[in-house]
Protein chains: 2
Amino acid sequence: MRQAGRYLPEYRATREKAGSFMGLATDKNFATEVTLQPLDRYALDAAILFSDILTVPDAMGLGLSFAQGEGPRFEKVVRDEASVAALHVPDMNKLKYVFDAVTSIRKALNGRVPLIGFSGSPWTLACYMVEGAGSDDYRHVKSLMYSRPDLMHQILKINALAVADYLNAQIDAGAQAVMIFDSWGGVLADGAFQPFSLDYTAMVLSRLKTHAEGRQIPRIVFTKGGGLWLDEMKHLDCEALGLDWTMNLGKARALVGGQVGGPGKALQGNIDPNVLFAPPSSIEKEVKRVLDSFGPPHTDMHQTGPTHIFNLGHGIHQNTPPEHVTALIEAVHKHSSRSMI
Amino acid sequence: MRQAGRYLPEYRATREKAGSFMGLATDKNFATEVTLQPLDRYALDAAILFSDILTVPDAMGLGLSFAQGEGPRFEKVVRDEASVAALHVPDMNKLKYVFDAVTSIRKALNGRVPLIGFSGSPWTLACYMVEGAGSDDYRHVKSLMYSRPDLMHQILKINALAVADYLNAQIDAGAQAVMIFDSWGGVLADGAFQPFSLDYTAMVLSRLKTHAEGRQIPRIVFTKGGGLWLDEMKHLDCEALGLDWTMNLGKARALVGGQVGGPGKALQGNIDPNVLFAPPSSIEKEVKRVLDSFGPPHTDMHQTGPTHIFNLGHGIHQNTPPEHVTALIEAVHKHSSRSMI
């Protein structure tokens with residue numbers, strides 16, 4: 001997550017050229033350049049599209065901007081009947097810059113590693129659309145949800161249809177896997193997460209293309225703080241679940257794996273990105289701890305179950321020393337079970 | 001939580017008189033006045049001491065201040081060998097204003113409802129001591145934890161001893177129950193939560209007085225985001241566990257209750273405070289949902305198990321309409337099982 005980003009000096013140089021974050025994200029050449037930068041530095045197994053999760057509400061006409069030193073902000077907020085009525089699934093042509101970037105990156109990768117496309121989840125997009133910016137209490141979006149669940153469901157339905165169209169267009173453009181980031185699912189109460197976040201993630205999944213170019217397109221769902229709801233998330237129609245650092249991978253494996261009638265889902269995660277501020281020897285120790293918590297691969301060929309895709313548990317911090325990422329990746333390769341690479 | 005606070009006009013009037021937050025907290029008469037204000041307005045079953053969780057590190061000499069419109073801030077931060085070496089369990093005389101407030105409140109309550117004392121957990125205090133203020137990524141405290149676990153353990157041990165002394169002195173002063181707020185335990189990775197937060201909460205509990213005035217002093221532990229670790233937290237030597245809104249109470253009850261050899265712990269929680277921004281009819285619906293999620297009381301007298309103490313899942317928001325709190329409390333009384341009141 002945020003494979004390409006401000007922690008890399010080469011990224012900062014490209015961003016300088018582009019003038020702004022959106023200048024970077026909307027130009028396919030710049031987007032290709034920064035997407036490939038981490039691959040030139042690190043032995044990574046996949047590339048992830050450089051973009052922002054808020055491109056979809058921006059295409060809905062809400063007016064996304066990134067002020068210097070602040071997070072994203074929308075010109076318009078969606079908090080009442082009129083603004084919800086004005087909301088529509090956007091014309092995918094408005095997001096052509098993303099699909100062009102996907103095609104350009106895929107071409108530049110030239111088979112080196114697969115390319116992962118992504119989107120925010122319907123709920124996570126709604127958080128920004130209602131709050132108008134990041135939040136630390138989600139007061140506005142939760143007020144709307146508890147006061148006017150009908151309006152909230154209308155927003156979420158539009159978002160789900162939009163996200164499905166958006167990810168399908170990324171697949172058409174060349175994405176070989178797609179990831180749904182439910183970054184704010186974990187702020188919801190039990191009993192609200194299920195109808196307002198999980199159900200709309202499921203709606204997106206039900207509309208996604210599962211194959212392209214004759215191959216399967218794996219779908220990954222990440223809910224920050226979702227560990228508590230894994231026994232419900234395991235029923236999602238996707239191939240992998242991303243986990244943050246609070247969840248024990250062994251417990252997750254036991255919960256998600258071993259369903260009757262099919263193999264379990266792969267688990268992606270989940271080291272705390274703050275580990276990267278520790279010296280390399282501590283990083284190696286923590287990598288080993290995360291790998292060990294998942295446990296050994298199945299030795300019985302006939303027994304299927306989840307596999308582990310090592311990843312950070314959330315985005316990398318902008319002050320991360322790049323050479324510590326090298327230490328992390330070397331530790332993963334050193335300690336991973338052969339059969340799991 | 002934050003029973004007394006900025007959402008109440010009478011609190012704002014008293015704070016105006018006191019001049020500042022610490023002016024309020026350090027004056028036993030003001031502290032008594034604001035602690036009792038919610039009881040005059042609402043049919044509550046207990047009072048909670050008005051104070052701040054950062055009084056202990058302030059007494060350690062770190063210099064607590066509250067700038068207007070900002071959160072708490074410490075003059076000194078604890079991030080290196082020298083500052084850790086300088087750290088000591090504070091002289092409890094420096095916290096006399098808290099114990100005086102407890103005695104004064106207890107006297108003013110005159111048996112109306114019991115008084116709950118509280119402290120931050122060793123880990124939560126350490127977060128502020130290392131970060132110097134609130135944080136949204138806990139980068140400094142986690143960097144120290146992963147880089148120099150020895151220093152982190154030293155801070156936490158001092159904090160645990162200080163918190164135990166602090167709560168015991170509150171009990172001596174008249175507190176009839178005590179609560180440990182591990183507000184930031186949930187930001188830790190699985191595998192770090194246990195040695196850096198849970199173990200030090202356990203250390204505090206092991207040193208607490210269990211009886212005073214010939215009666216038991218119930219101990220409540222609240223870890224925000226702790227739902228994932230309930231199967232470990234259930235072994236804590238305390239009478240109740242507080243839960244935030246992400247945890248299903250029925251699941252929690254099944255996990256925590258029914259241990260061989262003793263009754264389960266009481267569960268306290270867990271409605272999302274943002275529900276209070278919805279109209280009264282929605283508040284009632286959500287209260288009922290939370291009560292129902294816990295399930296009915298045991299009908300078999302011989303079967304012991306956890307009971308439910310209705311509470312918010314975290315602090316109340318300063319913009320909460322006070323009359324919505326009335327609606328919440330009326331709904332709790334209307335829908336609670338008789339035997340559970």
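The following exercises, with worked solutions, concern a predicted model of two chains, A and B.

Local features rest on residues with pLDDT of at least 70 and side-chain atom pairs count only at pLDDT 80 or more, while totals for chains, interfaces and linings use all residues. Residues are numbered from 1 along each chain as its sequence is written, and chains are lettered from A and ligands numbered from 1 in the order in which they are written.

**Exercise 1. Symmetry of the two copies**

Determine which operation lays chain A on chain B, and which residue of chain A comes closest to the rotation axis.

*Solution.*
Step 1. Two copies of a chain are related by a rotation about an axis and a shift along it. The superposition is by least squares on the C-alpha atoms of residues with pLDDT of at least 70 in both copies.
Step 2. A turn of 180° with a shift of 0.0 Å along the axis lays chain A on chain B, at an RMSD of 0.0 Å. The two copies are thus related as by a two-fold rotation axis.
Step 3. In chain A, the residue closest to this axis is A:L228, whose C-alpha lies at 2.9 Å.

**Exercise 2. The interface**

State how many residues of each chain are in contact with the other chain, and describe the side contributed by chain A.

*Solution.*
Step 1. Contact is defined by C-beta atoms, placed from the backbone, that lie within 7 Å. On this basis, 29 residues of chain A touch 29 residues of chain B.
Step 2. Helices are DSSP runs of H or I with at least four residues, strands are runs of E with at least two, and both are numbered from the N terminus. On the side of chain A that touches chain B, α8 (139-147) and α13 (280-294) of chain A each supply at least two residues; α8(A) gives the most, with 5 residues.
Step 3. For the classes, Ala, Val, Leu, Ile, Met, Phe, Trp, Tyr, Cys and Pro count as nonpolar, Asp, Glu, Lys and Arg as charged, and the others, Gly among them, as polar. That side of chain A then comprises 10 nonpolar, 12 polar and 7 charged residues.
Step 4. The copies meet through the same surface, because 100% of the interface residues of chain A are also interface residues in chain B.

**Exercise 3. The sheet of chain B**

Give the strand order of the sheet in chain B, identify its edges, and locate helix α12(B) relative to the sheet.

*Solution.*
Step 1. Two strands pair if DSSP finds at least two bridges between them. The 7 strands form an open sheet with parallel pairing, in the order β1-β4-β5-β8-β9-β10-β11.
Step 2. The edges are β1 (47-48) and β11 (308-312) of chain B; each has a single partner strand, so one side of each is left without a neighbour in the sheet.
Step 3. Strand β10 (residues 266-271) of chain B runs parallel to β11(B) and is joined to it by 5 bridges. Within β11(B), B:I309 is the residue opposite B:Q268.
Step 4. Helix α12 (residues 249-256) of chain B packs on the sheet and touches β9 (240-242), β10 and β11 of chain B, its direction making about 165° with that of β10(B). Axes here are lines fitted to C-alpha atoms, for helices over the stretch in contact, and angles run from 0 to 180 degrees between N-to-C directions.

**Exercise 4. Two helix pairs in chain B**

Classify the packing of α13(B) with α14(B) and of α12(B) with α13(B).

*Solution.*
Step 1. Angles under 35 degrees count as roughly parallel, over 145 as roughly antiparallel, 65 to 115 as roughly perpendicular and the rest as oblique.
Step 2. Helices α13 (residues 280-294) and α14 (residues 322-335) of chain B pack at about 40°, with axes 9 Å apart. They are therefore oblique to each other. Residues of this contact include B:I283 and B:V287 of α13(B) and B:L328 and B:A331 of α14(B); by class there are 8 nonpolar, 2 polar and 2 charged.
Step 3. The axes of α12(B) and α13(B) come within 6 Å and cross at roughly 25°, which makes the two helices roughly parallel. Here B:L249, B:G250 and B:R253 of α12(B) meet B:V290, B:S293 and B:F294 of α13(B), a contact of 3 nonpolar, 2 polar and 1 charged residues.

**Exercise 5. Backbone exceptions**

Identify where a cis peptide bond occurs in chain B, and where B:N110 is placed.

*Solution.*
Step 1. Most residues other than glycine have a negative phi, and most peptide bonds are trans.
Step 2. The bond between B:G269 and B:N270 is cis, with omega about -5°; B:N270 is in strand β10 of chain B.
Step 3. B:N110, a residue other than glycine, has a positive phi near 50°, and lies in the loop between α6 (96-109) and β4 (115-120) of chain B.

Note on methods
Two residues are in contact if their C-beta atoms, placed from the backbone, lie within 7 Å.
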